[in-house]
Amino acid sequence: MTRRSKHTSFDPDAFWADIQPGEVLLSARGITKQYPGGVLANDRIDFEVRAQEVHAVLGENGAGKTTLMNILFGLIQPDQGAIYLRGQRVHFRSPQDAIRYGIGMVHQHRKLVPAHSVIENILLGHPRAQGILRLREAEEEVAALAETYGFRVDLRAKVWQLTEGEKQVVEILKALYRGAHILIMDEPTSALTPVETEKLLESIERMSEHKLGVVPFITHKLPVVLRISHRVTVLRSGRVAASLDTQDADEQRLAELMVGRPVLFDVQKPPAQEGEPVVQVEGVSARSDKGNLALDNVSFTVRSGQILGVAGVAGNGQHELAEVLAGLRGVEQGRILLNGQEITRAPVLARWQQGVGYTPAERTEVGSIGEFTLVENVAMNYFWDPDYNRHGVLDEAKLRELTEQILEEFRVAAPGPHVKAKTLSGGNLQKVIMGRVLSRRPRLLIANLPAQGLDIGATEFVQQKLLEARAEGAAVIFISEDLDEILMLSDVVAPMYEGRVVDLIPADQADKETIGAMIAGSYQQQEGTP
Amino acid sequence: MLPFILRSLEAAMIFTFAGLGELVNQRGGILNVGLEGIMLFGATLGFVAAQTTESYLVGFLVGVLVGGLLGLLHGVFSISLGVDQVVSGMGIWIFSFGMTTYIGSPFTGPLGMERLPTVLGISPFFYVAVLLAVGIWFVLTKTSLGLAIRSVGETPDVAEVSGIHVARLRYLCVVVGGMLAGFAGALYALYYNPVWNYNFLMGWGFISLALVFFSMWNPFLLFGGALLFGLLWQLSLNPELLLPGLFSRYIWRMVPFAVTVLVLVFISTDWFRARWGATRPQALGQPYHRE
């Protein structure tokens, strides 16, 4: 097995025969990987997964999770250390090697061909798919496999028609059909609705009953880890911080292991000091880029000192709502008032000048210009401000001073104000964007997915800043796909489904189940939906 | 009337060969706008080779070979070097236009060989073109090779993770596409219009290119489009056979190009994009780099 020759002699069926419950299927010993530039991404990591076990790997961004995952899947090779399958040493020189040896990967960003059918996607690259495709035969086999694990998916449907949860099922089935015995799942619940998450967790439990080893890699969904895993390995700064049985763990303990310091879970939310209405949205409808109705007769009011939490699964109109409010998207019907004045058709700059602040979800595409320095990026919200612009000439010194203030106040880890924005990590970039918007003291803040993809520390910080804006009397429209976060920060919750605001619920009357049902379209008010 | 139809079928045959080659290219994600150039080369070198050796076989072989080589050249630029595919394709066309004019000029004039035989009044290659359309449709939709090609054209990174060698498959597509284009060119110069003169191809390659977009990458629709354009082309050459006395022949000569423009406008409309745009290979024209 240690030969670096061709692998034709490997017979997966024989290799994986007679798995005993609890047997160690995969073990990684002393995995070390150093990147050019000296970053020690993995430092002597030991890890193993047994049959019928869900062994979660937990860690913040930059803790070395991705590197370990890529090593286990053959995308990169470790500098030191070895991987053993059932005690035999193996070398993965590519993902193809890993797949052949029985490692399956369920990607966070789905690796599926949207235009092709489910069964075509499952067959793509399968060694048995040679010459003429036997679709019918394959369909029967995959259907039987799906039956065993309790998955339901239409094999003839095109992948682009599927929900995120269904796409994930396709990836799982694809891996299992390829003969995976160890299933690596990258952020398995990240794009799912609460209902889909529940289904996935049940499936993972069922899979683990079938002599598979399941290895979910998770950044911050601690409840998920506690719910499904049998063991959990926590990574911090490239090392194993701890490896423990899940029954001995709780959220607090795991978070501390991840971050290396105690973590406050409940961001302290002072009671609301609500004032005058700042923004009034009245019967607004708008279309998406594709031309279909993305916002359907949406109405709400947000007062000064109030956070409106817009909850929903991606693609239900939240994005268009943010753009309509920021002036980036035309309104088909209805009107928008800011401080009692109509701004429905006001241009973007006029809105900024009247106190609208917007932090887009796409930090690198819309929120910043990667090739520009931090000073120039901050200037994007100040170039028109007479304090920083004299007769068309920007006041460089003042802008640099402002940027330095923002970097300090928002604790941005950056070498200085003149580095390019693209060199910053996601969390630090988000802090710069929030900083430049909040430093304008906006009356209305539109925060689209402000904490998405950030690690625990940065998430906490961003949430704290939203609450500070609220305390200073801003009206905040906070868009998120994470219901826990919505419930923690909002004063009023606005669940969105298919372009409508299903209901406006005061936070003290909101519960996760009802809102989960509303954003999944299964609430009884939504009659006639499938 | 009958000769008119037979001639338009033969024109359709040439559009079909060239278009099918480009279709295979594009399903694999490579756009080759140099199709006209490859046809010019296949036609000119095929013509010269056939005339000097007095062998049609040599002429066709040379046409196919040079087509494959130019396809390979486009592959080196657009697959290995990651050059913008439009730039590479235009380069091939400009290069070919100049080179073939230079090479072909001394051979200006008729081929001067016995005509190739016909079957039921048209070239036997017409039937080959029909079979080829069916064959390519079959390979693309029913075989693992076709699935791999389509995946490479849609989402090459997904294909790569699934164990498909993206670059190798794309090379296969551009070479096959080039060979078919070279053959189409040779067929034009050795059979359809066996005379070499300046700019003899008159944009047939560009029409074939437009047909591929028009066909939504479906070989059967491509063949249908080829029939239509074959008819239009024939109408532009001999309108008096069908509609004597109507319009000047200069207006008729413009018709295929005007229709090409209309087709391109039509397929650019939102309506068309919404309905049919989904069939476009998503990675078409994008260089792919392994991570």
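## A walk through chains A and B

A search across the whole structure, which is a predicted model, turns up 37 salt bridges over all chains. We will stop at two of these pairs along the way.

**Stop 1: a pair inside chain A.** Select A:Arg110 and A:Glu164 and show their side chains. The two form a salt bridge, with 3.4 Å between the closest N and O atoms. Now colour the surrounding elements: A:Arg110 sits in the loop between strand 6 (103-106) and helix 4 of chain A, while A:Glu164 belongs to helix 6 (residues 164-177) of chain A, so this pair ties together parts that are 54 residues apart in sequence. As a reminder, side chains of opposite charge can pair when their charged atoms come close.

**Stop 2: all of chain A.** Zoom out and switch to a cartoon view. Chain A contains 18 helices and 23 strands. Its radius of gyration is 25 Å, close to the 24 Å that the globule rule gives for 530 residues, so chain A is as compact as a globular protein of that length. If you turn on the principal axes, the C-alpha trace of chain A spans about 75 × 55 × 45 Å along them.

**Stop 3: the domains.** Give each domain of chain A its own colour. Domain 1 covers 4-258, domain 2 is assembled from 275-355 + 443-452 + 475-523, and domain 3 covers 362-439. Place a marker at the C-alpha centres of domain 1 and domain 2 of chain A, and you will find 37 Å between them.

**Stop 4: where chain A meets chain B.** Next, bring chain B into view and select the contact, to which chain A gives 21 residues and chain B gives 20 residues. About 1600 Å² is buried between chain A and chain B, and carbon and sulfur atoms account for 62% of that area. Highlight A:Lys111, A:His116 and A:Leu124: in chain A, these lose the most area to chain B, together 32% of what that side buries.

**Stop 5: the polar links across the contact.** What does A:Lys111 form a salt bridge with? Select B:Asp157, its partner, where the closest N and O atoms are 3.4 Å apart. Between chain A and chain B the count is two salt bridges, and there are seven residue pairs in polar contact. For the backbone behind this surface, show helix 3 (95-100) and helix 4 (118-123) of chain A, the elements that give two or more residues to the side touching chain B. Finally, colour that side of chain A by residue class: 11 residues are nonpolar, six polar and four charged.

How values were computed: Residues numbered from 1 in each chain as written. Chains lettered and ligands numbered in written order. Predicted model: local features only at pLDDT ≥ 70, side-chain atom pairs only at ≥ 80, totals over all residues. Heavy atoms only, no water. Domains from an automatic or database assignment. Contact = heavy atoms within 4.5 Å. Buried area = accessible area lost by both parts, 1.4 Å probe. Salt bridge = Lys/Arg side-chain N within 4 Å of Asp/Glu carboxyl O. Polar contact = N/O pair within 3.5 Å; in protein donor to acceptor, adjacent residues only side chain to side chain. Helix = DSSP H or I, 4+ residues; strand = E, 2+ residues; numbered from the N terminus. Nonpolar A, V, L, I, M, F, W, Y, C, P; charged D, E, K, R; others polar. Rg over C-alpha atoms; globule rule 2.2 N^0.38 Å.
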